Amino acid sequence: MTHGITVISGPAGVGKGTVVQLLRQAHPEVWVSLSATTRPPRPGEVDGQHYVFLSDEEFDHLIDTDGLLEWAVVHGRHRYGTPAAPVQEAAAAGRPVILEIDLQGARQVRERLPDAHFIFLSPPDWTTLVGRLEGRGTESSDQVARRLETARVELAAAEEFDEVIVNDQLGTTLDKLVSFLGLQPAMFAKDGC
Ligand code: 5GP
């Protein structure tokens, strides 16, 4: 396949953020959607760079004006959504578009954009995922437990996706992703990534 809109989903802690960041570095032509969220910024997170951080009222307004391609309450707490207009603009400009969103959002995109492509990033095994989430140190134990609960539901839905990539070796994951997206190979695995 080539380009178009690609959704990348998978449980928290699987490494989606790192994978997308490296992909973007190697392929600046790739356009990655900037999500809006009602979650407060974590230390070091920058508005307009990591997310567009919105109040509940501002998020309501986006929904009411049909400004979101999809949105969902993630981990039972905060709302996250994909602003629709920038996605349409980037796709119209012929750029490969990436949405890094949760399972509920992926299902909505499938409804609205049946031609989009869907990738599920999976951990090598459950123990690895637990280790990564606990080791991240950005969430309280309560939040980690909530994220693991969501992860169980998400892992059970992996077969809904067009492609499942097991994120064991980062370089291999990136090479598979680049190939799926129909981009010029960057040979991440060879670079010892
Ligand atoms: P975090 O709070 O750790 O930044 O993100 C939590 C989860 O929200 C991630 O698993 C991510 O996939 C999901 N997420 C981020 N942006 C969006 C979005 O725009 N829509 C949906 N549905 N999920 C999102």
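**Close-up 1. The ring of residues around the ligand, by class.** The shell around the ligand in this predicted model is made of 5 nonpolar, 5 polar and 7 charged residues. Here Ala, Val, Leu, Ile, Met, Phe, Trp, Tyr, Cys and Pro count as nonpolar, Asp, Glu, Lys and Arg as charged, and the others, Gly among them, as polar. That shell holds 17 residues, with Ser35, Arg39, Tyr51, Glu70 and Tyr80 the closest (to be near, a residue needs a heavy atom within 4 Å of the molecule). Strands E5 (68–74) and E6 (78–83) each chip in at least two of the shell residues; helices (H or I, at least four residues) and strands (E, at least two) are DSSP runs, numbered from the N terminus.

Some ground rules for these views: residues are numbered from 1 along each chain as its sequence is written, and side-chain values use heavy atoms, with hydrogens and water left out. Because the model is predicted, local features need pLDDT of at least 70 and side-chain atom pairs count only at pLDDT 80 or more, while totals for chains, interfaces and linings use all residues.

**Close-up 2. Side chains reaching the ligand.** Look for Ser35, which has a polar side-chain atom 2.7 Å from an oxygen atom of the ligand. Arg39 also puts a polar side-chain atom 2.7 Å from a ligand oxygen atom. With Glu70, the partner is a nitrogen atom of the ligand, 2.8 Å from a polar side-chain atom. On its own the ligand exposes 510 Å², and the protein buries 94% of that (areas by the Shrake-Rupley method with a 1.4 Å probe).

**Close-up 3. The largest pocket.** This is where the ligand sits, meaning that more than half of its atoms lie within 2 Å of the pocket's grid points. A pocket is an open set of points, on a 1 Å grid over the protein atoms alone, where a 1.4 Å probe fits, with protein on both sides within 12 Å along at least five of seven lines; lining residues have an atom within 4 Å of a point. Its volume is about 1,200 Å³, counted as the space filled by probe spheres set on the points. Of its 38 lining residues, Gly17, Arg39, His50, Tyr51 and Glu100 are the closest to the centre. Helix H1 gives the most to the lining, with 6 residues.

**Close-up 4. The second largest pocket.** About 210 Å³ of space lies here. Among its 14 lining residues, Arg39, Arg77, His78, Gln143 and Arg147 lie nearest the centre. H6 supplies the largest share of the lining, 3 residues.

How values were computed: Polar contact = N/O pair within 3.5 Å; in protein donor to acceptor, adjacent residues only side chain to side chain.
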